[in-house]
Each structure stands twice: as structure tokens, then as C-alpha cells.
Amino acid sequence: MEFAFYIAGLISILATLRVITHTNPVHALLYLIVSLIGLSVVFFSLGAYFAGALEIIVYAGAIMVLFVFVVMMLNLGKSVVEQERKWLQPRFWIGPAILSLVLLIVLVYAISSVTHGEISGEIIGAKEVGISLFGPYILAVELASVLLLSGLIVAYHIGRDQSHDDLVENEKVGEPK
């Protein structure tokens with residue numbers, strides 16, 4: 001299982017790097033799905049089978065389909081590709097890269113400082129996860145759903161056809177009252 005953990009982790013990291021550097025948004029989303037599936041394999045190799053299954057069903061399934069629909073709804077063209085190529089110049093990503101490096105150092109330090117006695121290897125079933133999510137963490141679950149809904153509404157308003165709205169507005173202005 002240790003071999004699967006490291007290989008899946010490496011694949012997830014490489015796919016995530018490809019998500020960041022790819023200029024085509026649909027291809028970047030496909031690499032993000034590969035990254036999320038790699039993370040689910042990491043969960044499976046650690047013994048968190050339910051978390052791995054949720055990773056595939058919720059993230060790689062439902063949320064990524066939502067992202068694909070939003071990208072298709074926005075109808076990104078050639079101008080966006082040129083803008084993304086400009087953003088890939090080092091002056092734009094050096095700051096986030098430094099912050100990510102600091103986070104990586106903190107993560108490696110935190111993982112290396114954990115002793116074997118601090119982590120218990122007990123299996124948690126779906127019932128216990130459901131009781132936790134819809135018990136003391138119900139507010140966090142509902143806030144996450146409201147956040148996803150508001151993101152969908154914002155994406156719709158950003159991606160709607162402005163020329164159609166302008167025509168409707170001009171027709172209303174020209175009508176006699």
C-alpha cells in the first residue's frame with residue numbers, strides 16, 4: 001500500500017501542476033479530475049475507504065461536472081487563451097509559488113513531527129460520518145451548499161449573453177407608455 005500511496009501522490013501532484021499550467025480550461029478540468037482521483041487512491045491506500053469513495057463521487061463526479069457546465073456556459077474563446085498565456089509569465093505566479101512553497105514546508109514539517117502513537121487506525125463507517133455531518137457540523141455543510149449555489153448564480157450572471165439583455169432593454173426604452 002505504501003507504493004500505491006507514493007505513486008498516486010506523485011500522479012496527483014503532476015496532474016495538479018498540469019491544471020495550473022494548461023491554457024485550455026476544459027483540458028485543465030480533465031487534469032483536475034485525474035488529480036482528484038489520485039487523491040482518492042491516496043485515501044484508499046491510507047485505509048479511509050469512505051473518504052476515497054466520497055472523493056470520487058462528490059468531487060470527481062458531481063462538482064467537476066458542474067465546473068465543466070460553467071466553462072461551457074461561459075464560452076471562453078481565443079482572447080481568454082491569450083490572457084492566460086500572459087498570466088503564465090513568472091512575474092504573475094512567483095508570489096503564489098512562494099506562498100505554496102511555504103505551505104509545503106509547513107506540511108512536510110507537520111507530517112514529519114507526527115509520532116505513530118498520535119494517529120489511531122480505527123475504521124469509521126458511513127453512519128458515523130453521516131451523524132457527524134448532520135449533527136454538530138450541519139452549519140458547515142449548509143454553508144458549503146449555499147456557497148456552491150451562490151457560485152453557480154454568479155457564474156450564470158457573468159456568462160449570460162449581454163447583447164440579448166441590451167436588446168430587451170432598448171425595446172423597453174423605445175416603447176410608448
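Aromatic pairing in this predicted model comes to a count of 1 pair, taking ring centres within 6.5 Å as the criterion. The partners are Phe5 and Tyr6. Their rings meet edge-to-face. The centres lie 5.3 Å apart, and the planes make an angle of 75°. That angle counts as edge-to-face because the class takes planes over 60 degrees apart. Phe5 is partly exposed, with a relative accessible area of 30%. This value earns the label because it falls between the 20% limit for buried and the 50% limit for exposed. Tyr6, in contrast, is listed as exposed.

Now take the helix around this pair. Helix α1 spans residues 2–21, which makes 20 residues. From first C-alpha to last, α1 reaches 29 Å, close to the 28 Å expected at 1.5 Å a residue.

Which residues of α1 are buried? They are Ala8, Gly9, Ser12 and Ala15. These residues sit on the same side of α1, because they cover an arc of only 135° around the axis. Part of their cover comes from α2, residues 25–45. The other side of α1 carries exposed residues: Glu2, Phe3, Tyr6 and Ile13.

The UniProt record, an unreviewed entry, adds another layer. It places the feature "transmembrane region" at residues 6–21, 28–50, 56–76, 92–111 and 131–156. Two of these ranges can be set against the model. Over residues 6–21 the chain is 100% helix and 0% strand. The end C-alpha atoms of that range are 23 Å apart. Over residues 28–50 the chain is 87% helix, again with 0% strand. Here the end C-alpha atoms are 27 Å apart.

Methods
Residues are numbered from 1 along each chain as its sequence is written. This is a predicted model: local features need pLDDT of at least 70, side-chain atom pairs count only at pLDDT 80 or more; totals for chains, interfaces and linings use all residues. Side-chain values use heavy atoms; hydrogens and water are left out. Helices (H or I, at least four residues) and strands (E, at least two) are DSSP runs, numbered from the N terminus. The expected span of a helix is 1.5 Å times one less than its number of residues. Buried means under 20% relative accessible area, exposed over 50%, partly exposed in between (1.4 Å probe, protein chains only). The arc is that of the directions from the helix axis to the C-beta atoms. Contact means heavy atoms within 4.5 Å. Rings of Phe, Tyr and Trp (its six-membered ring) pair if their centres lie within 6.5 Å; planes under 30 degrees apart count as stacked, over 60 as edge-to-face and the rest as tilted. UniProt positions are given in the numbering used here, feature names are shortened, and annotations may be inferred rather than shown by experiment.
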